[in-house]
Amino acid sequence: MSAPNEPQSFTDPAYWKNFFAKRKSPFEWYGDYNSLSKVIDKYLKPSDKFLQLGCGNSELATQLYDNGFHNIHSIDVEPSVIAAQIRKNKERPGMLFSTGDAANLTMGDGEHTVVLDKGTLDALLPPAASDADRATVTKMFDEVHRVLASGGRYIIVTLAQPHITEFWIDHFFPLKQYILRVQKVENKASGFPMPVFCFIATKMRAPMPNPLPLEVLRSSSIRTDRIESTDELKDAIRGEQELSQFIYLCSKKLDVEVSIDFQGEDSSSGPRYRVCVVDNPETKTIDTFAAFVVPIGRDAEWLFASPKGRKALRSQCGRDRLAMIFLNRSHQYEKGMDGVKADIGHFVGMLDVRANDSGNYEILSVGGVDVKRTISTGRSEINGGWSVEEITVDGKNCRRLVFLNTMNLVQSEAFLKTGKKKQTIIDLDQLACDFHRMMIGSLALSSHQPLAKLDTPCKMAVLGLGGGLLTAYLLRHFRKVRITAVELDPEVAKIANAHFSFPHSDPRIEVVIQDALVHLQETAKKSEEEKYDVIFVDVSGSQNAALQCPPPSFLTPEALSDMKNSLKEHGMLSLNLVTRDSELGKSIKSNIIEYFPTLYTVLSFEDVNEVIVGLKAPKNTLKPVVPQKLINTVRKDLGSYDEVVGAISNIRMVD
């Protein structure tokens, strides 16, 4: 017999009468003794006097008895179930079964040291509970409080749906007489994928002047953690439910990449890891498996930070499934890589679904826990915490500006070189960011042809300064360029000056601290001479959004109109677009083409970055673009020449 169509049926005795009449085998939906034994063995003693509420035809009481707990009284509202339990347990002296209502108990005050409820609360309190349902459960809680001895425990086995959790907390926490603890149960008895929890309320002798502790024992932890608030306790339960759903999802081969935040054994201060699981789409089963720990400092690289890169890494590792472990920059990993491996071992093992050799897997990496060198840190009112870091990758030294509130978001990256006095300096002649090379390559489409001539007069705007590297490159390679760099965050401009050798004193550069959209509104109203030949849009949005660059506000009709009207008649827009949603990308291009009738795209092999190039001139007024001909016009002395001409070869017209 299946679960009822209406949740309220759980509270109807007629439903259970029919249920047990049709289902003769024991009903262990919430787990049997083996599933619950970790809780039972930890909190209960053989000398305890048990009261089980709503026993049904479960064998839990029988299993408790056979494991040394002999003083057990079980009740249920269905007489036929009680009769069957009496017959089945007639050779177990001391076990008592009787028909009874949990909301109207006949036991004396303080008579039991343990009250056990496996699924009864869930049955009595459906999601759309009526006032009568809530009154019944409140009365049951009051009765449990009455019959439970001081020092006794009320243990509820539950699915911990939000309405159940909230009702339990709201009733017992204000009493200030119970220590409330939540422990997740590994339920293997029913094959039911939803996680099961034990709510444990330990009764004190009398109410205390202050609220008593709230505690949680997570599935990923070896210790009980103290929780500061009821909201935090609810969040911890919700996190455990999401973790179980994630593991269940990973129990079969995945068609798409999935990820989740993970606490680790030391869960006292928030998630320490982000786990990303990537499967081989070409295999039917998972026969090979490994975990890969990404060191702090390498987490922002294409190979680790983009879906395409992670697919490539899985292939390079030669595994059908690769579980990638990202470390949290806000945590300290004092025990190094060995400590990380020990911390993640149990959880990662649950992602190993191989039929053979499961549990015996490698944990790979490309260095220690933290391979970056921190140059400076600080906090901006607009962007939050930031860090300037140095890292060596494939023999190249790089400096990066990282915003810490969005994991893996690098605002700027520059190559380093050794100066005359052997000091480390920023290499402003080379572009370290792939999309910056693509933006420079897009200049091949400009009517000014700045890539072909060193002394081409050109007026440009760079929206989004970052470390100032794109602007600095333009200043060094185009003698007669004049640039307005627009940056919202004054702290970012200071970082560019202090740590990325930004040429702020160059008379050809003007740095404007302003909202770029406001700047466009103002420029659109100016005369033709005051407008721009090229506008670069290099503005980052939310790392977790479907559209990461630029923010959606830069793609509204008003913003696109202002971009168009801020350009001279033969002007060009070069916009860095980052989205993992291909349909969203198509829609954005369709919107842009309404304002820029000639549209090109510069694609990147490595990244999800795509530079959109818009020209104000209609298609029928322009010659067809032949990438090789454009490449032949590029100056050989141009910094990052090979990468720039590679970007030009990837220019395609958008129909």
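**Note on cavities, one helix and some backbone details**

1. The largest cavity encloses about 50 Å³ of space. The model is a predicted one, and the cavity values below are computed from it. By the rule used here, three cavities reach 30 Å³ or more.

2. Which residues line the largest cavity? They are Glu413, Ala414, Asp427, Leu428, Gln430, Leu431, Ala432, His436, Leu469 and Tyr473. Sorted by class, this lining holds six nonpolar, two polar and two charged residues. Strand S18 (409–418) contributes at least two of the lining residues, and so does helix H13 (469–477).

3. Where does the largest cavity lie with respect to the domains? Residues from domain 3 (372–427) and from domain 4 (433–653) both take part in its lining, so the cavity lies between these two domains.

4. The second largest cavity has a volume of about 40 Å³. Its lining consists of Ser412, His436, Val462, Gly464, Leu465, Gly467, Gly468, Leu469, Leu470, Thr471 and Asp538. Helix H13 gives the most to this lining, namely three residues. By class there are four nonpolar, six polar and one charged residues. His436 appears in the lining of the largest cavity and again in that of the second largest; Leu469 is likewise listed for the largest and for the second largest.

5. Helix H11 covers residues 336–349, which is 14 residues. What span should be expected of H11, and what does the model give? At 1.5 Å a residue the expected span is 20 Å, and the end C-alpha atoms are 20 Å apart, so the two agree. H11 nevertheless has a bend of about 35 degrees, placed at aspartate 343.

6. The buried residues of H11 include Met337, Val340, Ile344, Phe347 and Val348. Gly339 is buried as well, and so is Asp343, the residue at which the helix bends. As background for reading such a list, an α-helix has 3.6 residues a turn, so residues three or four places apart point the same way.

7. Threonine 62 belongs to helix H3 (residues 60–66). Is threonine 62 buried or exposed? Its relative accessible area is 9%; the cut-off for buried is under 20%, so threonine 62 counts as buried. Between the C-alpha atoms of threonine 62 and valine 366 there are 53 Å, and the two residues are 304 residues apart along the chain.

8. The next points concern backbone geometry. Most residues other than glycine have a negative phi, and most peptide bonds are trans. Cysteine 549 and proline 550 are joined by a cis peptide bond, with omega at about -10 degrees. Proline 550 sits in the loop that runs between strand S24 (547–549) and helix H16 (557–565).

9. Alanine 160 is not a glycine, yet its phi is positive, at about 55 degrees. Alanine 160 is found in the loop between strand S5 (148–158) and helix H7 (162–172). With 1% relative accessibility, alanine 160 counts as buried.

10. Serine 501 also has a positive phi, near 50 degrees, and is a residue other than glycine. The loop that holds serine 501 lies between helix H14 (490–499) and strand S22 (509–513). How accessible is serine 501? Its relative accessibility is 37%; partly exposed covers values between 20% and 50%, so serine 501 counts as partly exposed.

Technical notes. Residues numbered from 1 in each chain as written. Predicted model: local features only at pLDDT ≥ 70, side-chain atom pairs only at ≥ 80, totals over all residues. Heavy atoms only, no water. 1 Å grid on protein atoms, 1.4 Å probe; cavity = no way out; pocket = protein on both sides within 12 Å on 5 of 7 lines; lining within 4 Å. Points joined across faces, edges and corners; volume = space filled by probe spheres on them. Helix = DSSP H or I, 4+ residues; strand = E, 2+ residues; numbered from the N terminus. Nonpolar A, V, L, I, M, F, W, Y, C, P; charged D, E, K, R; others polar. Domains from an automatic or database assignment. Expected span 1.5 Å × (residues − 1). Bend = angle between axes of the 7 residues up to and from the residue. Buried < 20%, exposed > 50% of the residue type's maximum accessible area, 1.4 Å probe, protein only.
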